[in-house]
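Please look through the model below with these notes beside it. The points are numbered so that each can be checked in turn.

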Amino acid sequence: MELRRNRGARALALVCVLGGVLLLVYPSDGHLLRTVIAVGAIGLGAVALVSAVRPFRFGIHAEGLSIRRPGLRREIRWDEVDTLVLDEPPRRDGYAVPPRLVLVPVQGVPRELVTARHPVDGRPAIELLVLDQVREQPEQVSAVLARHAGDRFVDLLALRREAFATPDLTVGLRGYQMGRVDRLIRRGQDALMSGDTSARQAARGEIERATAAGLPIAQRGYNTSQTDTVLDALATALADHQPTDRETAT
């Protein structure tokens, strides 16, 4: 399977360049400010456009991976792969971060390309792909990797959602601090996914202590009643959860 590059970045870059050119062509009052904005838009668009038209290939085949992108051009055989992980980084300011595919090489394979860490055990890894760069959905990429990579591939994104679905909390004025809530939810999800009793107990204890003490309020944050309901449900899941064989895959 050859993944197809997402063309959205190219379109946005062209809009920036064309918008900047139009600002320069049709001057008006506040000419200096318009010129500064126009030059900035053209420069930003040009950089994004150059990046968007650079060679890109990401192939997933029976023999391994074929990658050609800025910073990495390599054929990777499956016997060079210890673990291949699809995961979603923690949210930033309440917004989801695109899923990433990272690879932990086997011992003896050069690690000069290490740019990431295994999201669970922290082993040195190579970030292969950010999934917003391609048109395929994470589920499609996961299915192909599972077929070709076998037990080397772990879909942490799916396992985490299966353990406890990431809630879609409403953001508004005077709500719970988003970073704090996101960390608690991620801690609970990881504990559920691990199948480790002590990890579940520790995560549940942290959630209960945080809610008992009162979560910090921010000028812009998560809806408090929704968050309280979600954290109560997560604490209950941590208390009742029974590990499964699948959770030990990580």
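1. Salt bridges. This is a predicted model, and a search of the whole structure finds 13 salt bridges. One of them joins R57 to E2, with the closest N and O atoms 2.8 Å apart. This pair links distant parts of the chain, since R57 and E2 are 55 residues apart. R57 belongs to strand β1 (residues 57-60), whereas E2 sits in the segment before α1 (8-25).

2. The sheet of three strands. Strand β1 is also part of an open sheet of three strands, in the order β1-β2-β3. The pairing in this sheet is antiparallel. Strands β1 and β3 are the edges, each pairing on one side only. Direction ignored, neighbouring strands here are turned by 5° against each other on average. As general background, strands of a sheet pair through backbone hydrogen bonds, in either the parallel or the antiparallel sense.

3. The hairpin. How many bridges join β2 and β3? Strand β2 (residues 64-69) and strand β3 (residues 72-77) pair over six bridges, in the antiparallel sense. Two residues lie between these strands, and together β2 and β3 form a hairpin. In the turn, G71 has a positive phi of about 95°. Two pairs of residues can be used to check the register: L65 has I76 in β3 as its bridge partner, and I67 stands opposite R74 in β3.

4. The sheet of five strands. A second open sheet has the order β6-β7-β5-β4-β8, and its pairing is mixed. Its edge strands, β6 (116-117) and β8 (153-155), each pair on one side only. Strand β4 (residues 81-87) pairs with β8 in the parallel sense, over three bridges. Within this pairing, L86 has D155 in β8 as its bridge partner.

5. The helix on that sheet. Which strands does helix α3 touch? Helix α3 (residues 138-149) packs on the sheet and touches β4, β5 (100-105) and β8. The direction of α3 makes about 155° with that of β8.

6. Cavities. The structure holds two cavities of 30 Å³ or more, and the largest has a volume of about 170 Å³. There are 16 residues in the lining of the largest cavity, and the closest to its centre are R91, T166, I185, R186 and Q189. Helices α4 (156-163) and α5 (178-194) each supply at least two residues of this lining.

7. Make-up of the lining. What classes of residue line the largest cavity? Eight residues are nonpolar, two are polar and six are charged. A reader looking at the centre of this cavity will find R91 and R186 among the closest residues, and arginine counts as charged.

Definitions and conventions:
Residues numbered from 1 in each chain as written. Predicted model: local features only at pLDDT ≥ 70, side-chain atom pairs only at ≥ 80, totals over all residues. Heavy atoms only, no water. 1 Å grid on protein atoms, 1.4 Å probe; cavity = no way out; pocket = protein on both sides within 12 Å on 5 of 7 lines; lining within 4 Å. Points joined across faces, edges and corners; volume = space filled by probe spheres on them. Helix = DSSP H or I, 4+ residues; strand = E, 2+ residues; numbered from the N terminus. Pairing = 2+ DSSP bridges. Contact = heavy atoms within 4.5 Å. Axes fitted to C-alpha atoms, helices over the stretch in contact; angles between N-to-C directions. Salt bridge = Lys/Arg side-chain N within 4 Å of Asp/Glu carboxyl O.
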